[in-house]
Amino acid sequence: MKKMRTSQLTARFSSPLEAVWEAVTDNTDFSWRSDLDHIDTKPDGVTFVEYPKKGSETVFTITEKQPGRLYAFHMEHAMFTGEWTGEFSKTEDDGTEVVFTERLTIRNPAVWLLSYLLMDLRGMQEAYARDLRRKLGESDEKD
């Protein structure tokens, strides 16, 4: 039986929704991501491959893109498959709130327990939010 892992992070940004949306969905600009070496975007416009500084590549296929509202994709990696969603909303002070949800199915049940040591999902989400905050020119305040 395959084992699933889920992590969810809500992050608030003082930047307008359009700026946050653009930063998250522009797969050609990865310079702000501290975890990535590079990204290859495919001509189909829905597939991209992330190459991390450590580890092996992950193939992403965009499954939903509702501008300013929802960005979702499917992930394929040697160790897991999964789904990622970002749900965007405007805050009362014209900032942005994003709920990032990641669901992974570990391919090898024997590796599932080890995955907690090898893949800190929450920590990866927090690092992404910190990097995004820096990209937007915001302080490193805690979410």
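This briefing walks through the fold of one protein chain and then looks at a handful of its residues. The model is predicted. The protein chain has 3 helices and 7 strands. Its radius of gyration is 15 Å, close to the 15 Å that the globule rule gives for 143 residues, so the chain is as compact as a globular protein of that length.

**Overall build**

- Read from the N terminus, the elements run β-α-β-β-β-β-β-β-α-α.
- The C-alpha atoms fill a box of roughly 45 × 35 × 25 Å, taken along the principal axes.
- Of the 143 residues in the chain, 42% are buried.
- Take the contacts with a separation of 6 or more: residues 24 or more positions apart account for 49% of them.

**Surface and charge**

- The accessible surface of the chain comes to about 8,100 Å².
- Carbon and sulfur atoms own 52% of that surface.
- The chain carries 19 positive and 26 negative charges.
- The mean positions of these two sets of charges are 5 Å apart.

**Helix α1 and its cover**

- Helix α1 spans residues 17-25.
- Its buried residues are L17, V20, W21, A23, V24 and T25.
- What covers them? Strands are part of the cover, including β1 (3-13), β4 (58-66), β5 (70-76), β6 (80-90) and β7.
- Helix α3 (121-135) also belongs to that cover.

**Two buried threonines in strand β7**

- T96 lies in strand β7, and so does T101. The strand covers residues 96-106.
- Is T96 buried or exposed? T96 has 0% relative accessibility, and buried means under 20%, so T96 counts as buried.
- The side chain of T96 reaches the backbone oxygen of S15 at 2.9 Å.
- Leaving out residues up to four places away in sequence, T96 touches A11, R12, F13, S15, P16, L17, V20, F88, S89 and T91.
- Two of those partners, L17 and V20, are themselves buried residues of helix α1.
- T101 has 3% relative accessibility, which is under the 20% limit, so T101 also counts as buried.
- Which side chain makes a polar contact with that of T101? The partner is Q8, at 2.7 Å.
- With residues up to four places away set aside, T101 touches T6, S7, Q8, E83, W84, T85 and Q125.

**Strand β6 and the loop after it**

- S89 is found in strand β6.
- S89 has 31% relative accessibility; partly exposed runs between 20% and 50%, so S89 counts as partly exposed.
- Apart from neighbours within four places in sequence, S89 is in contact with L17, G95, T96 and E97.
- S89 and A11 are 78 residues apart in sequence, while their C-alpha atoms are 11 Å apart in space.
- Where is D94? It sits in the loop between β6 and β7.
- D94 has a positive phi of about 65°, although it is not a glycine.
- D94 is partly exposed, with a relative accessible area of 47%.

**Strand β2 and T41**

- T41 is in strand β2, which covers residues 36-41.
- Its relative accessible area is 43%, so T41 is partly exposed.
- T41 is in contact with N27, T28, T47 and F48, leaving aside its neighbours within four places in sequence.
- One of these partners, T28, is 13 residues from T41 in sequence. The C-alpha atoms of T41 and T28 are 7.1 Å apart.

**Helix α3 and A129**

- A129 is in helix α3.
- Its relative accessible area is 1%; buried means under 20%, so A129 is buried.
- How are A129 and D40 placed? They are 89 residues apart along the chain, and their C-alpha atoms are separated by 22 Å.

**Quick recap**

- T96, with 0% relative accessibility, is buried.
- T101, at 3%, is buried.
- A129, at 1%, is buried.
- S89, at 31%, is partly exposed.
- T41, at 43%, is partly exposed.
- D94, at 47%, is partly exposed.

Terms used:
Residues are numbered from 1 along each chain as its sequence is written. This is a predicted model: local features need pLDDT of at least 70, side-chain atom pairs count only at pLDDT 80 or more; totals for chains, interfaces and linings use all residues. Side-chain values use heavy atoms; hydrogens and water are left out. Helices (H or I, at least four residues) and strands (E, at least two) are DSSP runs, numbered from the N terminus. The radius of gyration is taken over C-alpha atoms; the globule rule is 2.2 Å times the number of residues to the power 0.38. Buried means under 20% relative accessible area, exposed over 50%, partly exposed in between (1.4 Å probe, protein chains only). Contact means heavy atoms within 4.5 Å. Accessible areas come from the Shrake-Rupley method with a 1.4 Å probe; for residues, only the protein chains shown count as cover. Lys and Arg count as positive and Asp and Glu as negative; His and the chain ends are not counted. The place of a charge is taken as NZ of Lys, CZ of Arg, CG of Asp or CD of Glu. A polar contact is a pair of N or O atoms within 3.5 Å; within protein, one must be able to donate a hydrogen and the other to accept it, and residues adjacent in sequence count only if both atoms are side-chain atoms.
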